[in-house]
Amino acid sequence: MLASHIATKNVEQQVIEVLKKMNIEYKIINRKNLDLSNFTWADLILPIGGDGTFLLASNMIFDDKKPIIGINSYPERSEGFLMLSAQYTKRIPDIFEMLKAGQYRVLMRRRIRTTLKGDDIWEPPFHTHEKGRVAGGEKFYVQDLNGQKSNNLPKERRLPWLALNEVFMAESLSARTSDLLIKVNDEEKYHMVKSSGLCISTGTGSTSWYKSINSVSPQIVRDIVNVVGEKREFSREEIEKICVTFNDSLRFDAEDQRLCYAVRDMIVNDLWPVPKCLNPRGFCKKLTVRSQCFDAGLVLDGGIAVPFNFGATAVMETHPEDSLRSLILPD
C-alpha cells in the first residue's frame, strides 16, 4: 500500500512539472475535494492510479463531452485496463505532446443509465466504503433532499451516476438469497429468479466482474470433457487453451450499445427450475428488475450504492449521450 502511494505521488509530481512547463492550469483533486464544480471547471480529467481511481472520476462526469484519460501509476501491481498502457507511466511528457498534436483516438465507452421506480426510492446513497466501515469512505454522494418526506417525492428517480463497468444488485448480506423479478427488453412478464445477485455489464465491464462471474476454470473444463465421455486424454495445454478461448469470448466492445446480464449462482431445484425463457447469461438492450429483497443494495461500479428493497423497480439501459469520452493513445 505504501509503495503504491509513493508511486502515485511520484507520477503526480511528474504530471505537475509537465503542466507547469506547458503553462496549463490544473487542480489536484482527491477524496477530500471531490466536488462537482472541479469537474465542471476542467477541460480534461486525468485520473492517476488504477482502474478504481478511473471509475471514481468517471462517476463525476455526467455527459459525453468531457474527455478523460488515465495514467497507471503502479503497473507492477495494477492491471490498469482502463488506463494508458504501462509504457506511458515512464513517458509522462510524451502523453501531453501527443494530446497536443492530436495523436489520439476517442473511445466512446457506453455507460448504464439507471432509473428507479416505486416507493422509498429516495433514500440517501452511500459508498460501499462506508458500508464496510473502511476509513476514508466519506459520504461524497449524499444528496440533500431539503427535509422532504419520501411520500412528497416523485415515484420515479433517474440516478445521476452512470455506471461504466456494471450495475450489481443483491441482498447486502451475501449469505442471504436475493429474490429478483427480471424482465428482458420489452417482455410482458417477469421471471422470478433466486440467486446471489444480478450483474448488468457494459462492454467495458465485460473484462471485469462480469468476466469473473462467468469464467471457467481448467477443473470445470476437464470435468465436462470427462462427463461427455471423450475417449482420448486432453493435455493440460489443450484444457488451458479451451479456458482462455472461452473466457476471452466473454469480452465485447466498449462502444457496443448492448448490455449483458449475468445471474450469479442461480438457485436451481425441483421447486425453482431454470426459467424457460431466461438464460443465466445473455445480451439485452434494456433490463427491468423488481426487488423482492428486504435489505438489498443497487451498486454502481462497485462504489456508489442505493437501497433496493421490496417493491422497488430498476430499469437499466444505454443512451449515446451518456457515453464516456475516453482518450486512447497508440500502443
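This is a guided tour of a predicted model, with a suggestion at each stop for what to select and a note on what is there.

**Stop 1: two helices near the start of the chain**

Begin by selecting helix 1 (residues 2-21) and helix 4 (residues 92-101). Their axes come within 9 Å and cross at roughly 45 degrees. That angle makes helix 1 oblique to helix 4, and the crossing is right-handed. Now show the side chains where the two helices meet. On the helix 1 side, pick Val 11, Gln 14, Val 15, Val 18 and Leu 19. Their partners in helix 4 are Ile 92, Pro 93 and Phe 96.

Before moving on, step from helix 1 into the loop between helix 1 and helix 2 (36-41), where you will find Asn 23. What is the phi of Asn 23? The angle is near 55 degrees, a positive value in a residue other than glycine. Asn 23 counts as exposed, with 72% relative accessibility.

**Stop 2: helix 7 against helix 8**

Next, select helix 7 (residues 218-228) together with helix 8; the latter covers 236-249. The axes of helix 7 and helix 8 are 9 Å apart, and the two pack at an angle of about 110 degrees. This angle falls between 65 and 115 degrees, so helix 7 and helix 8 are roughly perpendicular to each other. From helix 7, the contact uses Pro 218, Val 221, Arg 222 and Val 225. Helix 8 contributes Arg 236, Ile 239, Ile 242 and Cys 243.

Centre the view on Val 225, which lies in helix 7. Is Val 225 buried or exposed? At 13% relative accessibility, Val 225 counts as buried. Leave out residues up to four places away in sequence, and Val 225 touches Glu 230, Phe 234 and Ile 239. Try a C-alpha to C-alpha distance label between Val 225 and Ile 239: the value is 9.3 Å, for residues 14 apart in sequence.

One of those contacts, Phe 234, is worth a closer look. Add Arg 232, which lies over the face of the Phe 234 ring at 4.1 Å from the ring centre.

**Stop 3: Ser 215, just ahead of helix 7**

Now go back along the chain to Ser 215, in the loop between helix 6 (209-214) and helix 7. Ser 215 is partly exposed, at 26% relative accessibility. Which residues does Ser 215 contact, once its neighbours within four places in sequence are set aside? They are Asn 247 and Leu 250. Ser 215 and Asn 247 are 32 residues apart in sequence, yet their C-alpha atoms are 5.2 Å apart in space.

**Stop 4: an edge-to-face aromatic pair**

Turn to the aromatic rings. A search of the whole structure finds three aromatic pairs, and the tour visits Phe 252 with Phe 283 to begin with. The ring centres of Phe 252 and Phe 283 are 5.0 Å apart and the planes stand at 80 degrees, so this pair is edge-to-face. The two residues come from distant parts of the chain, 31 residues apart. Phe 252 sits in the loop between helix 8 (236-249) and strand 12 (259-263), while Phe 283 belongs to strand 13 (residues 281-284).

Colour the pair by accessibility. Phe 252 counts as buried, at 9%, whereas Phe 283 counts as partly exposed, at 39%. Then add Arg 258 to the selection: this residue lies over the face of Phe 283, at 3.8 Å from the ring centre.

**Stop 5: a stacked pair**

Select Phe 294 and Phe 310 next. This aromatic pair is stacked, at 5.8 Å centre to centre with 20 degrees between the planes. Phe 294 and Phe 310 are 16 residues apart and link distant parts of the chain. To find Phe 294, look in the loop between strand 14 (286-291) and strand 15 (296-300). Phe 310 is in the loop between strand 16 (304-307) and strand 17 (313-317). Phe 294 is exposed, with a relative accessible area of 65%, and Phe 310 is exposed as well, at 52%.

**Last stop: Asp 301**

Finish in the loop between strand 15 and strand 16, at Asp 301. Asp 301 is not a glycine, but has a positive phi of about 55 degrees. With a relative accessible area of 8%, Asp 301 is buried.

Conventions. Residues numbered from 1 in each chain as written. Predicted model: local features only at pLDDT ≥ 70, side-chain atom pairs only at ≥ 80, totals over all residues. Heavy atoms only, no water. Phe/Tyr/Trp six-rings, centres within 6.5 Å; stacked < 30°, edge-to-face > 60°. Helix = DSSP H or I, 4+ residues; strand = E, 2+ residues; numbered from the N terminus. Buried < 20%, exposed > 50% of the residue type's maximum accessible area, 1.4 Å probe, protein only. Lys NZ or Arg CZ within 6 Å of the ring centre and 35° of its normal. Axes fitted to C-alpha atoms, helices over the stretch in contact; angles between N-to-C directions. Parallel < 35°, antiparallel > 145°, perpendicular 65-115°, else oblique. Left-handed = near helix turned anticlockwise from the far one by under 90°. Contact = heavy atoms within 4.5 Å.
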